[in-house]
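This report covers the arrangement of the sheet, the helices that lie on it, and the contacts of the aromatic rings.

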Amino acid sequence: MTTDSAPARVVLVTGGNRGIGRAIAERFVREGYAVAVTARSGEGPEGTLTVRADVTDAAAVDAAFTEVEDKLGPIDVLVANAGITKDTLLLRMSEDDFDSVVSTNLGGTFRVVKRASKNMLRRKYGRVILISSVVGLYGSAGQINYAASKSALVGFARSLTRELGARNITANVVAPGFIETDMTAALPEETQAEYKRSIPAGRFAAADEVAGVVTWLASDDAAYISGAVIPVDGGLGMGH
Ligand SMILES: NC(=O)c1ccc[n+]([C@@H]2O[C@H](COP(=O)([O-])OP(=O)(O)OC[C@H]3O[C@@H](n4cnc5c(N)ncnc54)[C@H](OP(=O)(O)O)[C@@H]3O)[C@@H](O)[C@H]2O)c1
């Protein structure tokens, strides 16, 4: 990715201190990008700049972006990865269960993409990658808040593609299936076994298998792909 003549592209990954976001940040470091991560707690992997931000707080997002821009330069590649679940059946779902998930997963994406897009527009270059979920398109009992927040990212990326596509800015969605992280480790063992039986690949994926698709979407090879949803789910959604 880096050449002698061109400086390394700058990437920001939200929620890069653990799980899928951390694996994505590690992969970008290996590929020679200048990598920053946002974290509420902990640190990003070795070789990254960690900045503090809660994606539900627009002022904190703005300050984090300014710090990255000051230290690494304008952001070329944005990976909106930070996300949460608050699972329960609809009749038991509180206003807060719904609002907090939507405000983090969808609102957080809005805040970081809006902030990143200013410089991308000015510089006529950008790669925006939104981390959705198989659940956004497949549905999942007990996850109405989460599924709604994740399917919304598809309309988000497609509208962004229509708004900014002519400025050499792409926006794509990656929809992971079940990935080995804290989020899936929290599921009861019987539920994990049941999910594995329904996945054609018969297993959960390593976070790095998602990371490889994300770095590819940021590469020049994917310059003509925009508004797409790329499943990384072992066949669970059959491409939806
Ligand atoms: N694991 C899966 O099987 C799976 C499948 C499909 C999609 N996904 C999606 O992939 C993404 C990463 O999931 P994961 O499994 O890696 O989850 P994880 O291990 O639970 O990590 C979530 C990350 O998001 C950050 N985060 C949460 N709320 C935040 C907020 N308000 N502001 C800033 N950062 C916040 C967390 O930061 P803290 O450490 O500070 O809390 C953490 O870095 C999520 O969007 C998730 O929905 C996961």
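Two strands count as paired if DSSP finds at least two bridges between them. The model described here is predicted.

**The sheet**

By that criterion β1 and strand β2 (residues 34-39) pair in the parallel sense, with five bridges between them. The chain leaves β1, passes through helix α1 (residues 19-30) and reaches β2, and this β-α-β crossover is right-handed. Strand β4 (residues 77-80) also runs parallel to β1 and is joined to β1 by three bridges.

Both pairings can be followed at the level of residues. Leu12 of β1 stands opposite Ala36 in β2, and Leu12 also stands opposite Leu78 in β4. Val11 stands opposite Val77 in β4.

These strands belong to an open sheet of seven strands with parallel pairing, in the order β3-β2-β1-β4-β5-β6-β7. The edges are formed by β3 (48-52) and β7 (229-232); each has a single partner strand, so one side of each is left without a neighbour in the sheet. Direction ignored, neighbouring strands of this sheet are turned by 20 degrees against each other on average.

**Burial of β1 and the helices on the sheet**

Is strand β1 mostly covered or mostly uncovered? Strand β1 (residues 10-14) is mostly covered, with five of its five residues buried. In a regular strand the side chains alternate between the two faces of the sheet. For β1, Val10, Leu12 and Thr14 are on one side and Val11 and Val13 on the other, and all are buried, so that both faces of β1 are covered.

Two helices can be placed against the strands. Helix α2 (residues 58-72) lies across β1, β2, β3 and β4 and runs at about 150 degrees to β3. Helix α3 (residues 95-123) packs on the sheet and touches β1, β4, β5 (126-131) and β6. The direction of α3 makes about 175 degrees with that of β4.

**Aromatic rings**

The structure holds three aromatic pairs. A pair of aromatic rings is described by the distance of the centres and the angle of the planes. Two of the pairs are listed here.

| Pair | Centre to centre | Angle between planes | Class |
|---|---|---|---|
| Phe178 and Tyr195 | 4.2 Å | 25 degrees | stacked |
| Phe178 and Phe204 | 5.5 Å | 25 degrees | stacked |

Planes under 30 degrees apart count as stacked, so the 25 degrees between Phe178 and Tyr195 places this pair in that class.

Phe178 lies in the loop between β6 (169-176) and α6 (182-185), and Tyr195 in helix α7 (residues 189-198), so their pair ties together parts that are 17 residues apart in sequence. Phe204 lies in the loop between α7 and α8 (207-218), so the pair of Phe178 and Phe204 ties together parts that are 26 residues apart in sequence. Phe178, Tyr195 and Phe204 form one aromatic cluster.

Which members of the cluster are buried? Both Phe178 and Phe204 are buried. The relative accessibility of Phe178 is 15%, and buried means under 20%, so Phe178 counts as buried. Tyr195, with a relative accessible area of 24%, is partly exposed.

Charged side chains also lie over rings. Lys196 lies over the face of Phe204, at 4.6 Å from the ring centre. Arg9 lies over the face of Tyr125, at 3.8 Å from the ring centre.

How values were computed: Residues are numbered from 1 along each chain as its sequence is written. This is a predicted model: local features need pLDDT of at least 70, side-chain atom pairs count only at pLDDT 80 or more; totals for chains, interfaces and linings use all residues. Side-chain values use heavy atoms; hydrogens and water are left out. Buried means under 20% relative accessible area, exposed over 50%, partly exposed in between (1.4 Å probe, protein chains only). Helices (H or I, at least four residues) and strands (E, at least two) are DSSP runs, numbered from the N terminus. A crossover is right-handed if, with the strands pointing away from the viewer, the path from the first strand over the helix to the second runs clockwise. Rings of Phe, Tyr and Trp (its six-membered ring) pair if their centres lie within 6.5 Å; planes under 30 degrees apart count as stacked, over 60 as edge-to-face and the rest as tilted. A charge sits over a ring if NZ of Lys or CZ of Arg is within 6 Å of the ring centre and within 35 degrees of the ring normal. Axes are lines fitted to C-alpha atoms, for helices over the stretch in contact, and angles run from 0 to 180 degrees between N-to-C directions. Contact means heavy atoms within 4.5 Å.
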